[in-house]
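Trainee: I'm new to this one. Could you walk me through it and tell me what backs up each label you use?

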Amino acid sequence: MWITRVSINNPVFATMVMVALCVLGLFAYGRLGVEQMPDITFPGAFIEVAYPGASPEAVEREVSKVIEEALNSIAGVKRITSRSFEGRSQTSVEFSLNADMSRAMQEVRDRVAAVQAVFPRDAKAPTVARFNNDNNQPTVSIALLSPTRNARELSLLADQTVSKRLGRVEGVARVDIGGLAKREVRIDLDPTRLRAYGITPAEIATALREANNDQPVGLLSNNTTDAILRVEGRVRDPHRFTEVVVARRGGLALTLGDLGSLVEREKEPDSIGRINGQRAVNFDVFKQQDANIVATGEAVKAALEELRKTLPQDVELRVIFAASDFVKDSLTGLQHTLIEGALLTVAIVFLFLHSWRSTIITGLTLPIAVISSFIAVQAFGFTLNFMTMMALSLCIGLLIDDAIVVRENIVRHVHMGRARRHRRDRPGGDGDDLRDLRGVRAGRVHGRHHRQVLLSVRRDGGRGCAGEPLRQLHARPDAVEHLARSARRACAQLAGGAASDPRHRPHARRAAHGV
């Protein structure tokens with residue numbers, strides 16, 4: 001292969017290429033993102049509509065079927081599934097794998113917004129979202145607790161300070177709050193008075209909705225300016241609701257206070273947060289779909305450090321769970337396993353080859369190949385996750401197998417008598433020239449070479465043989481004189497044998513070892 005020839009003929013160039021690959025690989029490794037799993041986008045959308053108080057049959061008839069008919073004509077739709085429950089409708093849309101999800105999601109939002117006017121009056125605004133299984137679990141779970149403050153004070157801090165700061169963190173999609181103590185105005189109606197005046201709770205609700213509203217009444221204009229007129233009817237004080245007129249019977253104005261009582265209290269909790277038995281407010285932070293889980297987790301922790309400096313001393317903001325820490329610890333464990341596997345593999349190679357030189361040469365292939373692979377990982381937009389790290393772990397065995405095969409092949413060729421190539425063996429190197437041998441053009445012998453060297457003895461090109469190799473001689477530098485005498489005798493024998501016996505070819509080789 002040309003790569004092998006170039007590397008053998010230019011060892012410095014090959015070394016610099018490997019060093020450059022390692023440097024680029026380390027640079028790419030520093031820019032790689034860290035995720036739990038690869039980024040897999042499922043081609044689907046999810047629509048949910050709340051319809052309080054409606055039966056499943058009414059939800060199916062008035063909401064689910066309307067959405068299905070609107071979405072059925074979108075290009076690329078593979079399957080539509082609807083589920084109707086009491087008070088809500090859930091519709092999932094599955095697209096084909098080659099569908100453009102950005103365009104498909106925009107079409108879904110447009111179709112749902114177009115049929116929203118057909119929904120019943122009590123139906124809530126629909127929620128449209130993409131399938132995202134990786135984001136079903138919160139990225140960070142946080143708790144706000146205090147041993148001295150009540151639930152209402154903690155709820156105010158959580159709702160007005162902590163949640164707003166966490167929502168501004170880069171990569172955060174939403175923040176769900178649990179355990180809040182909310183205030184509400186409750187109206188307890190007297191059934192006896194309602195029956196006596198013939199008033200229904202629906203009439204009272206309609207009257208309160210109309211009274212607690214700001215309404216524009218017109219535009220006041222003159223030659224220079226225009227002024228908008230608006231009647232401010234919204235009640236500022238909750239206790240003023242008792243003065244609202246809800247009905248008239250026989251010329252008598254009936255107020256809310258005549259038909260019931262108004263109580264301001266805490267709303268019945270729909271969730272409770274406790275840490276070791278202590279009342280707390282919990283936050284579940286969810287990342288955006290394309291955000292990096294580790295980067296988002298670190299940004300949330302940095303925001304928590306800023307919040308701790310502004311909160312009162314008796315209020316504690318504690319991190320309960322961080323998925324980013326789990327991902328980092330898991331990937332760190334995989335990295336340690338990768339390094340341990342590489343070291344054990346090198347140790348086993350030494351155990352079988354019994355050569356430090358072969359072990360080092362074989363072991364150097366592992367870091368060079370693994371570090372260089374990060375260039376391709378970063379170039380193709382991949383991240384460091386469980387799949388890529390396990391793939392690198394499996395590649396360790398393949399790399400060491402290939403390295404052993406190549407190293408054993410090199411050793412086999414050396415034992416067969418192939419000449420080793422050194423820098424001083426090439427033209428222009430240092431060494432003692434043996435060209436003064438009669439009828440022989442020998443290679444160069446290293447004056448300071450302490451290992452056994454291999455010389456190719458050739459017939460002198462001046463005799464018309466163009467320097468064909470006759471035999472190869474192994475010698476040490478301290479036996480140059482003996483090597484010269486052996487070379488002369490070998491050339492004389494080969495020349496005489498070739499003249500008397502035609503079976504002796506110029507390419508015949510023998511091994512003569514100098515001492």
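Trainee: How many helices and strands does the chain have, and what makes a stretch count as one?

Mentor: The secondary structure comes to 13 helices and 21 strands. Helices are DSSP runs of H or I with at least four residues, strands are runs of E with at least two, and both are numbered from the N terminus. Keep in mind that this is a predicted model, where local features need pLDDT of at least 70 and side-chain atom pairs count only at pLDDT 80 or more, while totals for chains, interfaces and linings use all residues. Residues are numbered from 1 along each chain as its sequence is written, and side-chain values use heavy atoms, with hydrogens and water left out.

Trainee: Why is C22 called buried?

Mentor: Buried means under 20% relative accessible area, exposed means over 50%, and partly exposed is in between, with a 1.4 Å probe and protein chains only. C22 has 18% relative accessibility, so C22 counts as buried.

Trainee: And what makes C395 partly exposed?

Mentor: C395 has a relative accessible area of 33%. That value falls between the 20% and 50% cut-offs, so C395 is partly exposed.

Trainee: What about T4, buried, exposed or partly exposed?

Mentor: T4 sits in helix α1 (residues 2–9). Its relative accessibility is 42%, again between the two cut-offs, so T4 counts as partly exposed. T4 and A14 are ten residues apart in sequence, with 9.7 Å between their C-alpha atoms.

Trainee: How many disulfides are there, and what would count as one?

Mentor: A search of the whole structure finds zero. To count, a pair of cysteine sulfur atoms has to be within 2.5 Å.

Trainee: How do you know that strand β3 is largely enclosed?

Mentor: Count its residues: seven of the eight in β3 (residues 88–95) are buried, so the rest of the structure largely encloses this strand. For contrast, take strand β9 (residues 226–231): the number buried among its six residues is zero, so β9 lies largely in the open.

Trainee: What does β9 pair with?

Mentor: With strand β8 (residues 215–221), in the antiparallel sense over six bridges. L219 stands opposite I228 in β9, and the two strands form a hairpin with four residues between them.

Trainee: Why is β3 said to pair with both β1 and β2?

Mentor: Two strands pair if DSSP finds at least two bridges between them. Strand β1 (residues 44–50) shares seven bridges with β3, and strand β2 (residues 77–85) shares eight, so both pairings meet the cut-off. Both are antiparallel. I47 has T91 as its bridge partner in β3, while I80 stands opposite V93 and V77 stands opposite F95. In the hairpin of β2 and β3, which has two residues between the strands, G87 takes a positive phi near 90°.

Trainee: In what order do the strands of that sheet come?

Mentor: The order is β2-β3-β1-β4, an open sheet of four strands with antiparallel pairing. What makes β2 and β4 (127–130) the edge strands is that each pairs on one side only.

Trainee: Which strands does helix α3 touch?

Mentor: Helix α3 (residues 56–71) packs on the sheet and touches β1, β2 and β3. Contact here means heavy atoms within 4.5 Å. Helix α4 (residues 101–115) lies across β1, β3 and β4.

Trainee: Which residues of α4 are buried, and how do you know that they are on the same side?

Mentor: They are M101, A104, M105, V108, V112 and V115. They cover an arc of only 100° around the axis, which puts them on the same side of α4; the arc is taken from the directions from the helix axis to the C-beta atoms. On the other side, S102, R103 and A114 are exposed. The cover over the buried residues of α4 includes β1, α3, β3 and β4.

Trainee: What makes the length of helix α10 agree with what is expected?

Mentor: The expected span is 1.5 Å times one less than the number of residues. For the 31 residues of α10 (residues 323–353) that should be 45 Å, and the end C-alpha atoms are 45 Å apart, so the two agree. Its buried residues, including V327, L331 and L334, pack against α9 (293–310), β15 (316–322), α11 (356–379) and α12 (386–415). After α10 comes H354, with a positive phi near 55°.

Conventions. Axes are lines fitted to C-alpha atoms, for helices over the stretch in contact, and angles run from 0 to 180 degrees between N-to-C directions.
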